[in-house]
Amino acid sequence: MRILANDGLNEEAVALLKKEGFTVETEKRSTDDLLGEIGSYDALLVRSATKVTREIIEAGTKNGGKLKIVGRGGVGTDNIDLEAAKECGVIVKFAPNGNTNATAEHALGLMFAVARKVPMAHRTLMGGVWHKKRFAGNELHGKTLGIIGCGRIGQCLAGKALGIGMKTVGYDLYQIQDSNVDYLESIDEVLKVSDFISLHTGGKNAIITEREFKLMKPTAYLINASRGSNVSEEALYNALKNGVIAGAALDCYEKEPKREGEAFQCSLHELDNIVMSAHLGASTKNAVRKTGLEIAEVVTKYLRRGDFGNSVNVGENVEQEGKRIYSIFITHEDKPGMFGKFGTALGELGVNIRENNSRFLSDCVQTVYVVHQEPNEEVRKKLMAIPGVKRVTY
């Protein structure tokens, strides 16, 4: 099988895939080249640079195309048409864990930087001028950190914040039982009580606008290391310029250059109470290595064993599909044709097979069928009548 890592892949991950018997190519293709070549690849691996559009997915699947899976190194999948992939029978998986610590550390670093005014002090010293009183800052210890989006990165950041003596509150649609944050009922509540607000949520719409800035403390700092679209930059500019909040630190923006070294135009440049970095949250050697190995592993598991873990456009397991399921346990001889006979027998009884897993057991095989219809004695007896079947339970 052939794999194209169109946004590059670290050598260790490439070696892992080759060890599994895959052919791996890492030379970047343009959109036109992808449209012409993608049908010959079984898997396409990307980060944020390559836009996997409907056109590309259809080119990879129609007219005998082999494309089976798109792997995203990282968390966000905004650059992949998930619906088109679903319609064309292509699974989309991500590698969310490799970037978690790096992004959480960067968010914490931005908090320290803006609160202690480190970049501002650095800039004046590099210009040959000594200022001390001008850059008196604020400590993080004892302050309240409000986290909007309490998933992997939000929880990791909360753990680090607790370690330096901060109180952590947060809001998320899905609340984790063993959480590092005290959940509040709404984003508004988080904004009202927090000294620092850190965003770690997806989506394409602004969740911090002029209205939300008015809810914050005038001494509050906003941190955004998630999505540029999460914050209205016009509203942020006005809030910083007019003292509505004390400061902000950003790692992502509404409009970002597509290539290294390009000009970056942003009205926030002229302000002196903001810290900015160039989308560096996941840009560490450790994160690149861990993310590469993770995406190599999840893609291998799907292509070799049909594992749906880390899928984002289908359920990772049948329970997530929302339909009632039942299990049938069959102990049988390990010989060709058994699965076919099971499928025929269940089909004749109107039982729809959803999934089956099988493992070698002593001198036999134990197979578990996951089905949508509740099994009964008729099902058990029909399966028991198949030569080679030793035991059936449900």
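## Salt bridges, to start

A salt bridge here is a side-chain nitrogen of Lys or Arg sitting within 4 Å of a carboxyl oxygen of Asp or Glu. K335 and E333 make one, with their closest N and O atoms 3.2 Å apart. Bear in mind that this is a predicted model. K335 comes out as partly exposed, at 34% relative accessible area, and its partner E333 is partly exposed too, at 29%.

That pair belongs to a bigger tally: searching the whole structure turns up 21 salt bridges. Some of the others are worth a look, and they come up again below.

## The overall picture

Let's step back to the whole chain. The protein chain has 394 residues, and 44% of them count as buried. Its secondary structure adds up to 13 helices and 16 strands. Taken along the principal axes, the C-alpha atoms fill a box of roughly 90 × 45 × 35 Å.

How much of the contact map joins residues at least 24 apart? If you take contacts between residues at least 6 apart in sequence, 65% of them do. As for the outside, the chain exposes about 20,600 Å², and carbon and sulfur atoms supply 48% of that area.

## Charges

On the charge side, there are 51 positive and 50 negative side chains, and the centres of the two sets lie 3 Å apart. There is still some local clustering: E27, D32, D33 and E55 gather on the surface as a patch of negative charge. E55, one of that group, sits in helix α3, which covers residues 54-61. With a relative accessible area of 51%, E55 counts as exposed, because the cut-off for that label is over 50%.

Charges also team up across sign. R2, E25, R29 and E37 are tied into a network of salt bridges.

## Two bridges across the sequence

Which parts of the chain does the D42–K68 pair link? First the pair itself: the side chains of D42 and K68 meet in a salt bridge, at 2.4 Å from N to O. The two residues are 26 apart and link distant parts of the chain, with D42 in the loop between α2 (31-37) and β3 (43-46) and K68 in the loop between α3 and β4 (69-72). Is D42 buried or exposed? At 6% relative accessibility it is buried, because the limit for that label is under 20%. K68, at 28%, counts as partly exposed.

The second example joins two helices. E348 and K382 bring their side chains together in a salt bridge of 3.2 Å, N to O. This pair also links distant parts of the chain, since E348 belongs to helix α12 (residues 338-348) and K382 to helix α13 (residues 377-384), 34 residues apart. E348 is exposed at 56% relative accessibility, while K382 is partly exposed at 32%.

## Loops with positive phi

Now for some backbone oddities. Which residues other than glycine have a positive phi? H279 is one of them, with phi near 50°, and S362 is another, with phi near 55°.

Where do they sit? H279 is in the loop between β12 (274-276) and α11 (285-305), and S362 is in the loop between β14 (353-361) and β15 (364-371). H279 has a relative accessibility of 41%, so it counts as partly exposed. S362 has a relative accessible area of 63%, so it is exposed.

## K62 and T144

K62 sits in the loop between α3 and β4, and at 47% relative accessibility K62 is partly exposed. How far is K62 from C88 in space? The two are 26 residues apart in sequence, and their C-alpha atoms are 8.3 Å apart.

T144 is a different kind of spot: it lies in strand β6, residues 144-148. With a relative accessible area of 12%, T144 is buried. What does T144 touch, leaving aside its neighbours within four places in sequence? The list is M166, K167, V169, V193, S194, D195 and F196.

Technical notes: Residues are numbered from 1 along each chain as its sequence is written. This is a predicted model: local features need pLDDT of at least 70, side-chain atom pairs count only at pLDDT 80 or more; totals for chains, interfaces and linings use all residues. Side-chain values use heavy atoms; hydrogens and water are left out. Patches are made of residues with over 30% relative accessible area and no salt bridge: like charges are joined within 9 Å, nonpolar side chains (Val, Leu, Ile, Met, Phe, Trp, Tyr) within 5 Å. Accessible areas come from the Shrake-Rupley method with a 1.4 Å probe; for residues, only the protein chains shown count as cover. Lys and Arg count as positive and Asp and Glu as negative; His and the chain ends are not counted. The place of a charge is taken as NZ of Lys, CZ of Arg, CG of Asp or CD of Glu. Helices (H or I, at least four residues) and strands (E, at least two) are DSSP runs, numbered from the N terminus. Buried means under 20% relative accessible area, exposed over 50%, partly exposed in between (1.4 Å probe, protein chains only). Contact means heavy atoms within 4.5 Å.
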